[in-house]
Structures are given as structure tokens and as C-alpha cells.
Amino acid sequence: MTSERYRPLEGFYDGMIGSDGLPRSCCAPLWEHLTTLGPQGLASVQRSAELSLLNQGITFTVYADARGTEKIFPVDVVPRVLTFEEWTRLEAGLKQRLEALNHFLCDLYGDQKVLKDGVIPTDLVVNSPHFCRELVGTPVPENVFIHVSGTDLIQDEHGEFLVLEDNLRVPSGVSYVIENRIIMSRVLPDLFSRYRIFRVDHYPQMLLDGLRSVAPCDDPEIAVLTPGIYNSAYFEHSFLSAQMGVRLVEGGDLVVDDDVLYMKTTSGLQRVDVLYRRVDDAFLDPIAFRSDSLLGVPGLMHAYRRGNLVLANAPGAGVVDDKAMYAYIPRIIRYYLDQEPLLGQVNTYLCRESKDRDFVLAHLEELVLKPTDGSGGYGLLVGSHATRDELAAARAAVRAAPHRFIAQPIQKLATMPTLIGDPDPHLAARHIDLRPFAVYGAEDQISVLPGGLTRVALREGSLVVNSSQGGGSKDTWVLHDGGEHA
Amino acid sequence: MLSRIARGLYGIGRDVERAQNVIRILEVNHKMNLERDPEDELNIWLAISEAFGSQVDPPSEFALYQELVLDFEHAYSVRRCIRSARDGGRAMRDYISEEMWLHLNGVFLSLTDLSFEQILAEGRSEFNRRIETFCDAFHGLADDTMIQGSAWRFLRIGKFLERALMICRILEIKRKVLALAPQEEGRPIDVHQWQALLRSLSGYEPYRRAYDARIKPARVMEFVLQRSDFPRSLAHSILQIRQALGTLASENAAQLELCATAELFLEQLKVLDAREVLRSGSLEAYVSVLHKRCSEIAQSLERSFFVSSRPASPAIVPAPHAGLVPQQ
């Protein structure tokens, strides 16, 4: 039997099995269902789910692979269940954090009271590669910087959610949330009848409402900007634009004339009011950012600064994604909202400070070292898994440019039973994280999509869940109040 | 509709039509070559080679297959056309139907490891027929599974414009072959060449039904240029383009002018006297005028629909690793 073989890892929180060795009450019907199906039954469901993804072309491109191979982002058939209470607390914490961060960004690109009051070291801001000095003083439409965010959270050994990264630039993955749900309800329909789960398929509507709320006119022309079909997240760009019923454009489709952004259409130029851009700041406008970039639209930033265009997310929001800035976020929440943070976050050592640096150099084996400007799991070093040479190289890098690194204790990422396939299908504990998606509209209206993307590290013992690093995903269920009616 | 998308769909239409015409020309001439009089010095591959700007020397069937079927670079290569149509289809997946995409992707995958030896093993005619049928089915699916809106119209304009250009090119090939042979109407070579022209346009059977089995050069010319009820005639192609443009064109001056150009071309085709052209020996000049008119329509389409009416930003050429923007 599937369930009898399953053993949670000692010292970690398991989303399915409690410390008493029994399934958590919200998971009992699920566990029973999995047990009835048995490992072979589950394996067959898994194959059917993966085939479905491949046939529909729900794939991403792996950068490190020169041939640009398209791969599916595997969905594990064991869903993750969050109770109504867990979710309500998490949602409140996310909203609080996002509101504070949005106020922070408005202030940073406005009066900069936060710097004058000494809450944040000024050099940390001005030296951040994501800080856009030229945008200081430019008003942001409806005071919204972070229209879309995908906060990365982990659960520690007590099951407590902690924020790991804020991802305020161009977070991706929401299309998998929707697609995973569609596929799961197709391959495990009986299981769904035993739960009452919050829906996720309204996300495109939620996003469209958010984008419309910050638009300058009643009937705005909205477009999604993609780097193109070779981008790893192209499927998502195409999915969201199609679902919202707006145009998907590439840089070459856009032109700025007299500080107004237009799309080139067969019936002439058509004005764009709101651009949901899925490219980084640096590739938006070769005039303003990188003259060596052939991507982007010359003059786009002029249109933006003149107030003729809404960009979502607003340029410059990435300054919060700087991993050194992360250490200051609890202070930011207290400063702007005069509240204690509802969500915890991971203890962070700033290599730019000599005391922290000495500690990091001495304890690198027990820490995760991260470049302050990295994302997607690239350039990250897990001390306990690194070779002697890798550790030596990392220490040298920290000494050479301490301000470029932070370190955090290795987190005891929670686990979930995950189907490990051929030749002997069985459930095994694998580490997971959670990325809920939030849309920030005018007047601080924040909507969080129930659940989010649960990513799972498919390799045994691995703590890196990124899709580009061999991770998979799980359908994530948020139950209605009393939503388990087995 | 975005200009990029319109141009992409137009490109798919052209690529698929081009692949079919090239393969049909190769097939017709393959058959002619088998049946040709061994005394005959005429190299039929030479005219084809010249018409498609081929570099192979001396032109042979094998060399032409390498260049016009297997090559990935040559503008008229069947494989290049199909790959480019497939890549276009992937990028414009939201505008074409699922059926068209599966059909396109299927034939693309079947050509991945193609070699001349494999074509010989499959049988040249069988291979050629497979490609030809793919193209016909693709256009059939487009007509039967797409909404007949702007996307469908641009695809269609691409198909018919390529067809019109190909008719001119095929006429030019035949003119050259005929010019190389001694001029004497009714000679077997002459009859065979005009018949090959009809076959190159899938028009031999329809021609016999419309007239009778006698191959008369003036009638053949009239059939492939002026019969608007024959789908592979020049008149039909231009008429379809004219109709599609009529629906697509807006108030834009360049677009209206393009419609007028197509209309005028149709009128000029109507009054053509094929007998007179042949008698006066002005076929070469006439074919080149037709070709020029078609090219003008292609250029005008580019100006009026595919680039913006105001000064555009400099062309954005994908850099190596373009699109490799780090994502979160």
C-alpha cells in the first residue's frame, strides 16, 4: 500500500502526516483516496497528467540547454492542502507586506522620507542595480508599483510560513496554477468531489480588473509584452493574453511617437495605455537602460515618464528584490503601517557588514549563500551540499565583493508526499515551497489568488525547487471553511 | 490585427504554396525526363535551375533535389518552406486552428532526418505526392476550420500571391525550354512542354474538360492566365487577392491604392490576346510584365499593411541569446 510505505523526514514539517504519524485532519480524505488508488494506480494517473501537458504544449524552455529544448513542468498528482485558517492568516500577512512594500516604493521614488529617517541605509538603495535613479520624482499612476507579485514562501519545521523572496519584477508561474487544476480535476475527478476547494481560474479576470483599475481612461487598450517565443515563460505570456482577451506584443510591434506608445497594426498605429510587460527593466528601452540591448522599444521610458503609459509592474520595483534589502523589510512594515509583521521571514546575514561577513565565512557549510541580485536559483550555493572547492571559490567571491552576497541559515523546508516513478512507484517525502500570486489595484485593493504555485524539489534531499533546476509542481488547494466533507 | 501577425500568416500562406509548386515542378519534369527522346539534347533541369536562382552546375535532378528540397537555406527549398511555415505556426498558434497546427507540425517532424536516399527509397513520385497532398490539405483545413476573418485573409493573400508569382515563373521556365528548341508549333517537344506547363499547375485535366485534348499554345495561355474559374490561374489568384484586400483595407491611402492596383491588373488580364502575344513573339516581354505586376503587389502589401504608417523604430534584430532575459 502506498501510504504504509510513506515515512515523513525526521525533523521536518510534513504537509500530509502530522507529528503523531497520522494524516492531518484536512488530509484524511485525500490520504484515504491515495491509499485506495495504490502506487500503480497513482503512477498511471501521473502518466496521464504528463501526457496531457505535453500534448497541449504547456512547456517551458531551459536556458542552459543550447538547443532550446521544450520541457514540461511536471505536476505531481498528490495535491497540497491548505486549510481555510492557514490560508486566511497567510493572505492577511501577504497583503500587509505588499501594502508596506508598495508604500515604500512610492516613498523611495518620491520624498524619500524612509532614507531621511535612516530606516534604510542610503547606500544600499543607490547602489542597488535595480534602483532607477532617473525615476525619482516621476509620479506612478494610481500609486501602484507592484501590480503583480509572486511571493516565495517556505514552511519551517513548525509549519510556520516564512517569506523567502518577494519577486516584485516579473514573477512567473501563475499559468501552471490554473493548468494544474484543470489537469488534476480531469485525472482525479472523484477526489474533487470529497472537498470544497477555492477556484483559481478567475486569475485572468482578476489581473485584467487590476490593470484596468490603474488605467488613465475608461476603455484602455491593454497589451502583454513578451520577449518572444524563445523565452522560458512564453507559454504563460500567450496564455494570459489570450485569457484576458488582450494583445500579446513583442518589442518590434511597438513604436513610440511623440511620447505615446503605439502598436503597429494592419490598420495603422493603435495607442497602448497599459503595458503588462513580462521583460525586465533593463530590456524595456535601449535608450534609457542598455544601449547594447536590441530588445525593447526606443523611447518607451519617455512615454512612461510623461504619464502617457502605465507599466505593470512599474520600473524600479526590483529594488525590493535585492536580497540585502530583504533584511530590512520587517522595519519597512513597522515604519509605514505601524504594525508588527504578520508573516515571518528568514534570518539574513548581510556580507556587507563585517560582523555578519566574518560569521558567514566561518560557517559557510551551514548556510545558503545568495547573490543579492540573483533570481531563479542561479548562482545560489547550499553550503552543506557544496564541495570543498566550491566553498573555497564562494569564500573568495564573498571577500572580493561582500556587498554582492547575503547568507541565510539552511532552511528546513517542509515536505509533502510526492510520487516517485519508475521502476517502483512509491510516495516519498520531497521538499516544497509556495508562491502565491497577488494583484495590486488602485486604492490599495489587493487580491491574492487562493493557494498559488507549490513547487517541489523532485530530487531526493534537494532544497532547490526552481523549474529551471529540475523542480516540479503540485496543485495547491485552499479549502473553504469546513471544506473537507469526507 | 498586429502587423507582425498579419505578415506571419501571409508568410505561412506563401511558404506552403511555394513548397507545393516547387515539388510539382520537380515531379512533372521528373516524368518528362523519363519519357524524353534520348536524341534530344535539351536539358530540362537547366531552365528550372535558372528560374530558382540555383547555383548547381551542371544542373541535374539529384543536384536540384539537394538544393530545392533538402537544403535549409535556399529560399525555394521545400524543407526550408515547411520549417519556416511550422515556426510561424508555432508563434501564431492562437490565430490558426488546432487541426492546421497538428498537420503542419506532423509534416515538419516527418522531414527531420530526410535525405535523397530516403526520397529514392520512398519513391520520388510518392514523396512528391505526399508533400503536394500536405499542402492541399493545409489550405483545405484553413478554409474549413478557421474563422474567415483577418487572419484567414492574410493567409489566403499569401497563398494566392505566391501562386501568381509561381505561374509567372513556370511560364518563364517553359518559354526558355521552348526557345532552346527549334520553333515549330505542333512538334512533339512543343506539345509536351505546353502539356507540362498545364501539369505544373495541376491544370491538365481541368484543361481537357474545359476544352478538349488538343494542346494549343494560345488556349493554354488563356487557360492559365485568364480563366478566373480555374483556381490555379493568374486571374483567379489576383481576384482572390483583390477580394481579400477589399475586406481588409481601411481608410489608409496606401491600402486603397493597393486595391486599385489589383483591380487594374485584373482588367489588363481580361483584355490579353494570347494568340497575338505568341504570334508576335513577345512572350518573353509579356511574361516579364506579369511578373513585375505581381512583385509590385507584394511590395505594396509590405508598405501598406506590414509596416506602420509613421516612421518605425529601427528594425529589431534578435541578438544572439535574445529573449534570454532572466525571469524570476
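These questions and answers walk through parts of a predicted model.

Visitor: Is strand β17(A) mostly covered or mostly open, and how many of its residues are buried?
Guide: Strand β17(A) spans residues 367-371. Leu367(A), Leu369(A) and Pro371(A) lie on one side, and Val368(A) and Lys370(A) lie on the other. Both faces are covered. The strand is mostly covered, and the number of buried residues is five of five.

Visitor: Why do neighbouring residues of a strand end up on opposite sides?
Guide: In a regular strand, side chains take turns between the two faces of the sheet. In β17(A), Val368(A) and Lys370(A) share one side. The other side holds Leu367(A), Leu369(A) and Pro371(A).

Visitor: Which residue is the bridge partner of Leu367(A) in β19(A)?
Guide: β17(A) pairs with strand β19(A), residues 405-409. The pairing is antiparallel and has five bridges. The partner of Leu367(A) there is Pro409(A).

Visitor: Which residue of β18(A) is the bridge partner of Leu369(A)?
Guide: β17(A) also pairs with strand β18(A), residues 381-382. Two bridges join them in the antiparallel sense. Leu369(A) is bridged to Leu381(A).

Visitor: Which strands stand at the edges of the open sheet β4-β22-β23 of chain A?
Guide: Three strands form this sheet, and their pairing is antiparallel. An edge strand has a single partner, so one of its sides has no neighbour in the sheet. The edge strands are β4(A) and β23(A).

Visitor: What is the bridge partner of Gly150(A) in β22(A)?
Guide: β4(A) and β22(A), residues 437-440, run antiparallel. Three bridges join them. Gly150(A) has as its partner Phe437(A).

Visitor: At what angle does helix α8 of chain A run to β22(A)?
Guide: Helix α8(A), residues 203-213, packs on the sheet. The helix touches β4, β22 and β23 of chain A. Its direction makes an angle with that of β22(A) of about 30 degrees.

Visitor: What angle does helix α3 of chain A make with β23(A)?
Guide: Helix α3(A) covers residues 84-108. This helix lies across β4, β22 and β23 of chain A. To β23(A) it runs at about 140 degrees.

Visitor: Which helix gives the most to the largest nonpolar core?
Guide: The largest nonpolar core has 215 residues. Among those with the most contacts inside it are Tyr203(A) and Val69(B). Tyr203(A) is in contact with residues including Val148(A), Phe437(A) and Val439(A). The helix that gives the most, with 17 residues, is α8 of chain B.

Visitor: How many residues does the second, separate core have?
Guide: Its members include Trp31(A), Ala43(A), Val78(A) and Leu419(A). This core has 36 residues.

Visitor: Why is α1(B) called parallel or antiparallel to α15(B)?
Guide: The two helix axes come within 10 Å. They cross at roughly 155 degrees. Angles over 145 degrees count as roughly antiparallel, so α1(B) is, relative to α15(B), roughly antiparallel.

Visitor: How many nonpolar residues does the contact of α1(B) with α15(B) have?
Guide: α1(B) brings residues including Ala6(B) and Tyr10(B). α15(B) brings residues including Leu301(B) and Phe305(B). Beside one polar and three charged residues, the nonpolar ones number six.

Visitor: Which residue takes a positive phi in the hairpin of β10(A) and β11(A)?
Guide: β10(A) and β11(A) pair in the antiparallel sense over four bridges. Leu254(A) stands opposite Met263(A). Two residues lie between the strands. The one with a positive phi, near 55 degrees, is Asp258(A).

Key: Residues numbered from 1 in each chain as written. Chains lettered and ligands numbered in written order. Predicted model: local features only at pLDDT ≥ 70, side-chain atom pairs only at ≥ 80, totals over all residues. Heavy atoms only, no water. Buried < 20%, exposed > 50% of the residue type's maximum accessible area, 1.4 Å probe, protein only. Pairing = 2+ DSSP bridges. Axes fitted to C-alpha atoms, helices over the stretch in contact; angles between N-to-C directions. Parallel < 35°, antiparallel > 145°, perpendicular 65-115°, else oblique. Contact = heavy atoms within 4.5 Å. Nonpolar A, V, L, I, M, F, W, Y, C, P; charged D, E, K, R; others polar. Core = buried A, V, L, I, M, F, W, Y, C linked by side-chain atoms within 4.5 Å. Lists of a residue's contacts leave out its neighbours within four places in sequence.
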